[in-house]
Amino acid sequence: MEIHITGNAAKKMRGYINGTPGEISGMAASRVSEDKQSIEVFDCWIWRQECSAGATDAKDINAVFELIEEAKRDGVTSEDVNVWWHSHAMMGAFFSSPDVTTIEKWLVGQGGYLLSIVGNKAKQWEGRIDVRQPFELFLEVNNVDITEEAATLTREEAAAITADIAAKVEVKKWASGGVYPQRAKNKNEKLKYQYPYGKKKVKKYA
Ligand SMILES: [Zn+2]
């Protein structure tokens with residue numbers, strides 16, 4: 001299984017990730033390709049949220065409903081909004097143990113199926129698919145790509161992203177008062193700092 005982040009989703013996700021110093025998150029819309037070999041993520045949104053260098057979450061349940069309404073205004077049905085996406089900013093792109101807890105939370109409202117994507121400023125990506133109904137399944141998807149060439153924003157689009165972030169994202173300082181980790185110069189460079197929680201092995205259902 002492959003995950004392709006395309007069109008509006010590619011543009012907006014890259015814009016949101018680059019437009020804020022710390023983490024950022026929201027939902028995205030996806031559909032399975034005709035040959036059923038890949039999932040295409042085609043649009044995304046952010047919710048009202050509280051973020052720091054190492055954490056991000058929707059502000060409250062109303063923020064989630066508002067996101068769904070925004071997707072509907074963009075012509076996307078709520079059934080297609082089945083992707084939880086977030087950025088680790090300067091840190092490596094992988095699912096941390098708090099992320100796995102978050103996935104369990106969002107699975108409840110998703111009819112037992114959820115696609116999750118984590119990215120960062122260094123253009124690293126990781127994906128996973130969680131199924132809970134009618135059976136439990138967990139699939140790691142390392143093959144996540146984004147059409148970076150399509151991710152160039154026009155001046156108007158960039159302004160809209162900036163305004164959206166300003167309206168919805170509350171940036172909190174890191175509890176330790178620490179500075180943001182160094183940015184990797186390219187996607188192959190090992191990041192200097194790891195996610196503060198460390199990478200824990202998660203239970204695999206596959
Ligand atoms: Zn995370």
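Which residue in S7 is the bridge partner of Trp85? In S7, Trp85 is matched by Ile117. What you're looking at is a predicted model, where local features need pLDDT of at least 70, side-chain atom pairs count only at pLDDT 80 or more, and totals for chains, interfaces and linings use all residues. Residue numbers start from 1 along each chain as its sequence is written.

Let's start with the strands. Strand S6 and strand S7 run parallel and are joined by five bridges. Both belong to an open sheet of eight strands, ordered S9-S8-S7-S6-S2-S3-S1-S10, with mixed pairing. At the edges sit S9 and S10, each pairing on one side only. From one strand to the next, the twist averages 25°. Two strands pair if DSSP finds at least two bridges between them. Strands (E, at least two residues) and helices (H or I, at least four) are DSSP runs, numbered from the N terminus.

Now for a pair of helices.

| Helix | Residues | Contact residues |
|---|---|---|
| H1 | residues 7–18 | Lys11, Lys12, Gly15, Tyr16 |
| H4 | residues 155–168 | Glu157, Ala158, Ile161, Ile165 |

The axes of H1 and H4 (lines fitted to C-alpha atoms over the stretch in contact, with angles from 0 to 180 degrees between N-to-C directions) come within 10 Å and cross at roughly 55°. That makes H1 oblique to H4, because angles under 35 degrees count as roughly parallel, over 145 as roughly antiparallel, 65 to 115 as roughly perpendicular and the rest as oblique. Residues are in contact if their C-beta atoms, placed from the backbone, lie within 7 Å.

How values were computed: Contact = placed C-beta atoms within 7 Å.
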